[in-house]
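Visitor: I am new to reading structures. Could you take me through one, feature by feature?

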Amino acid sequence: MRPFTLNYAMPTGQSAATTPYHFDVALQLNVLPDGRPAVSDRALLMATGTTTSTAGSQTHFDD
Amino acid sequence: MTVLILTAEQDVTADMVVAQLHERGVPMVRLDPADLPGKAVLSADYAHGDFDGYLSVNGHVLSMGGLRSVWVRRPGEPAAHAAEPSPWLTAETRQALFGMLYSASTRWMNHPRRAEQARHKPWQLRVAHSSGFAVPPTIVTTAPRVAQEFVEEYRDVVVKSASGPPPGEPPVALPTTLIGPDADFSGVAAGPALLQQYIPKRADIRLTSIGTRMFAARKAAVPGQVDGRFGDTGHAWEATAVPGRIARSVHEYLVLTGLAYAAFDFAEDEDGVWWFLEGNQGGQFGFIELETGQPIADTVAEWLSQRRPAHRIPEGH
């Protein structure tokens, strides 16, 4: 029998997005192709949605 | 003295704090426990009645004697990136890493033991009661009849997951959803259901608490909206003041839970009452800072940067 709560599950529609930044081991944060920290581009972070309350919910349930 | 951040490399919200620590000139090491063993190396020495330990990753080295604070953000499972991962290797690696960190005298945001308990939503509701928050009537049950009676009593009721969506592919979401009395409750016997009276709201409130600092943000709701995390309402998050009564309850909640950080969700009703929905011990804050400009990352960095008090015995909080 299917647990009641799972009757309300829905596809996220999210695919594995590629982000235009990569981790810099020296700076210990993610940087853009031009070397600037990814967090300096706030418009990009808003667009990629990587800081939202549902980000990471697949592995972490602390929204 | 060095700050240790336990999180995944792709965690850009942590980057916001790392950037602030760099600006402050505070040494830090960022480690994903998934990279241990392998990319990261650990040694802990318990001999001659004394203790010391070392962590290194990507050329950054941390001594337990120089550990200032630990921020548990979005860590991977220990040993998840190992060449031959296994549940046993994860358990062994968790013992080595956290056993060493618990042996050090340091400050935690948040201590894993406190965090583990604080993740339990039913317990959150009880602590919220004790803290003086308004809490919607809620039931957690595996009895279909009890669930049906609850819905018949309160009429407008939502179902929500206590632990988040199930893992797996393709990914699914479990948004908080309104249910009606005509729902088939037989599935309640197959898994605990958390049902809560729906609070018609005029706004969602997100309150981020760091130590003694609080930042509240408000987003106007649209009629009939249930879960503010899903769907675009056309409204943005805006900074808002924290009512004195709420501030006192938040303080009490943090004392009772032993948390240094928490992100609270409230529903603001038509009378302006903030109804407690949940307190997320590791809740996201990046989206709030980006929309409101509130200096949350800087405040987290400030908390992590504070010097630890001198204790001979490792702190349990």
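Visitor: Which residues are buried in helix α5 (residues 144-154) of chain B?

Guide: Some ground rules come before the answer. This is a predicted model: local features need pLDDT of at least 70, side-chain atom pairs count only at pLDDT 80 or more, and totals for chains, interfaces and linings use all residues. Residues are numbered from 1 along each chain as its sequence is written, while chains are lettered from A and ligands numbered from 1 in the order in which they are written.

Guide: Now the terms. Helices (H or I, at least four residues) and strands (E, at least two) are DSSP runs, numbered from the N terminus. A residue is buried if 20 or more other C-beta atoms lie within 10 Å of its own, exposed if 12 or fewer, and partly exposed in between; C-beta atoms are placed from the backbone. In α5(B), the buried residues are B:Ala147, B:Phe150 and B:Val151.

Visitor: Why do they sit on the same side of α5(B)?

Guide: Start with the general idea. An α-helix has 3.6 residues a turn, so residues three or four places apart point the same way. Here, the buried residues of α5(B) cover an arc of only 95° around the axis, and therefore lie on the same side. The arc is that of the directions from the helix axis to the C-beta atoms. B:Arg145, B:Glu152 and B:Glu153 are exposed on the other side of α5(B).

Visitor: What do the buried residues of α5(B) pack against?

Guide: Contact is the idea to use: two residues are in contact if their C-beta atoms, placed from the backbone, lie within 7 Å. The buried residues of α5(B) pack against β8 (138-141), β9 (157-160), β11 (177-179) and β12 (193-197) of chain B. Just after this helix, B:Arg155 has a positive phi of about 65°.

Visitor: How many residues does helix α6 of chain B have, and how far does it reach?

Guide: To judge a helix, compare its span with the expected one, 1.5 Å times one less than its number of residues. α6(B) (residues 244-257) has 14 residues and reaches 20 Å from first C-alpha to last, close to the 20 Å expected. Its buried residues are B:Ile246, B:Ser249, B:Val250, B:Tyr253, B:Leu254 and B:Thr257. They share one side of α6(B), because their arc is only 135°. Exposed B:Gly244 and B:Val255 are on the face turned away from that buried side. After α6(B) comes B:Gly258, with a positive phi near 75°.

Visitor: How do β3(B) and β4(B) pair?

Guide: Two strands pair if DSSP finds at least two bridges between them. β3 (residues 40-47) and β4 (residues 50-57) of chain B pair in the antiparallel sense over eight bridges. One bridge links B:Ala47 with B:Asp50. The strands form a hairpin with two residues between them, and B:His48 in the turn has a positive phi of about 55°.

Visitor: How many residues does each chain bring to the contact?

Guide: Chain B brings 42 residues and chain A brings 36. On the side of chain B that touches chain A, α1(B) gives the most, with six residues. Strands can pair across chains too. β1 (residues 10-11) of chain A joins β10(B) through two bridges, and the two run antiparallel. A:Pro11 has B:Val172 as its bridge partner.

Visitor: What pattern does chain A follow along the sequence?

Guide: The pattern is β-β-β-α. Of the 63 residues in chain A, 25% are buried.
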